[in-house]
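Reader: I should like to learn how disulfides are read in a structure. Please show me the case before us.

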Amino acid sequence: MKLCTKVFYLHAIFIHTLSVLYLTCTSIASIETFVYGGCSQLKYNPGTIYESNVNSVLTSSVNSASYANFNNFKISLPGSTQSDVVYGLFQCRGDLSNADCRDCVARAVSQVGTLCVDKLGGALQLDGCFLKYDNISFLGAEDKSIVMHKCGPSIGDNSDTLTRRDAVLTYLSAEGQYFRVGGSGEIQGVAQCTQDLSVGECQDCLSEAIGRLKSECESSPWGDMFLAKCYARYSERGLSSKSGKRLRHHGWWWSIILWLFVYVVHG
């Protein structure tokens with residue numbers, strides 16, 4: 001094989017490799033995509049013990065996310081009064097690795113710190129994780145109030161897409177785990193509850209979210225319904241699943257480059 005032909009093949013394989021790298025990095029970035037955020041109206045005074053308790057909740061969330069995809073906290077450092085107690089929780093999407101969960105929660109902590117400066121409470125949802133803290137306990141309490149929802153443009157009577165959408169949402173409605181995924185053709189769906197709820201409360205919350213999603217996004221190819229303690233989403237484009245590893249954590253791509261070099265010189 002002539003050298004110019006080898007270079008052509010090298011170019012084609014290299015472009016393919018770059019495409020894989022791009023798609024993987026895009027998937028990695030998507031777990032930190034902002035979905036919604038909100039803060040309480042009341043503020044605390046900087047330098048108080050309440051601020052220390054907030055910081056402790058946020059730090060504990062990042063540390064805990066290194067080995068678990070959910071945890072909740074009640075922080076009351078020495079010297080705290082009842083009004084200084086801070087409650088918090090974080091939860092990552094069920095398909096994230098521990099490393100990706102920690103990265104997502106760290107990003108959420110950074111963003112909520114900017115969004116909710118000196119606020120008594122704050123909540124932030126990224127594509128891959130959820131974070132919340134407040135001075136009023138919300139742990140273990142069911143809350144089906146709508147926090148955010150949106151729907152794609154109507155696709156009219158595209159019966160195949162809508163039939164597949166309904167099948168996916170019906171599957172997600174069935175009793176099961178706190179994190180659920182399903183798909184039919186090009187339609188993919190995901191649903192999740194915060195794990196401070198009981199199994200029954202989770203089912204109740206998801207039934208509400210999915211029912212509202214069906215009615216609000218009746219003829220849309222994608223839709224999101226976030227309630228305070230659960231959410232349901234579907235998309236024709238598929239989920240931004242983050243099941244792959246970060247390439248920088250592995251050395252296999254160096255093997256590809258070495259193989260290409262050997263192929264061109266000696267092949």
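Reader: To begin with one residue, is C230 buried or exposed?

Author: Buried means under 20% relative accessible area, exposed over 50%, and partly exposed in between, with a 1.4 Å probe and protein chains only. C230 counts as buried, at 3% relative accessibility. This is a predicted model, in which local features need pLDDT of at least 70, side-chain atom pairs count only at pLDDT 80 or more, and totals for chains, interfaces and linings use all residues. Residues are numbered from 1 along each chain as its sequence is written, and side-chain values use heavy atoms, leaving out hydrogens and water.

Reader: What does C230 form with C205?

Author: A disulfide is a pair of cysteine sulfur atoms within 2.5 Å. C205 and C230 form one, with their sulfur atoms 2.2 Å apart. C205 lies in helix α5 and C230 in strand β10 (residues 230-235), so the pair ties together parts 25 residues apart in sequence. Helices (H or I, at least four residues) and strands (E, at least two) are DSSP runs, numbered from the N terminus. C205 is buried, with a relative accessible area of 0%.

Reader: How many disulfides are there by this rule?

Author: The count comes to 6 disulfides. Counting bonded cysteines along the protein chain, the pattern is 1-5, 2-3, 4-6, 7-11, 8-9, 10-12.

Reader: Is the link of C92 and C101 right-handed or left-handed?

Author: That link of C92 and C101 is right-handed, with 85° about the S-S bond. The link of C205 and C230, by contrast, is left-handed, with -90° about the S-S bond.
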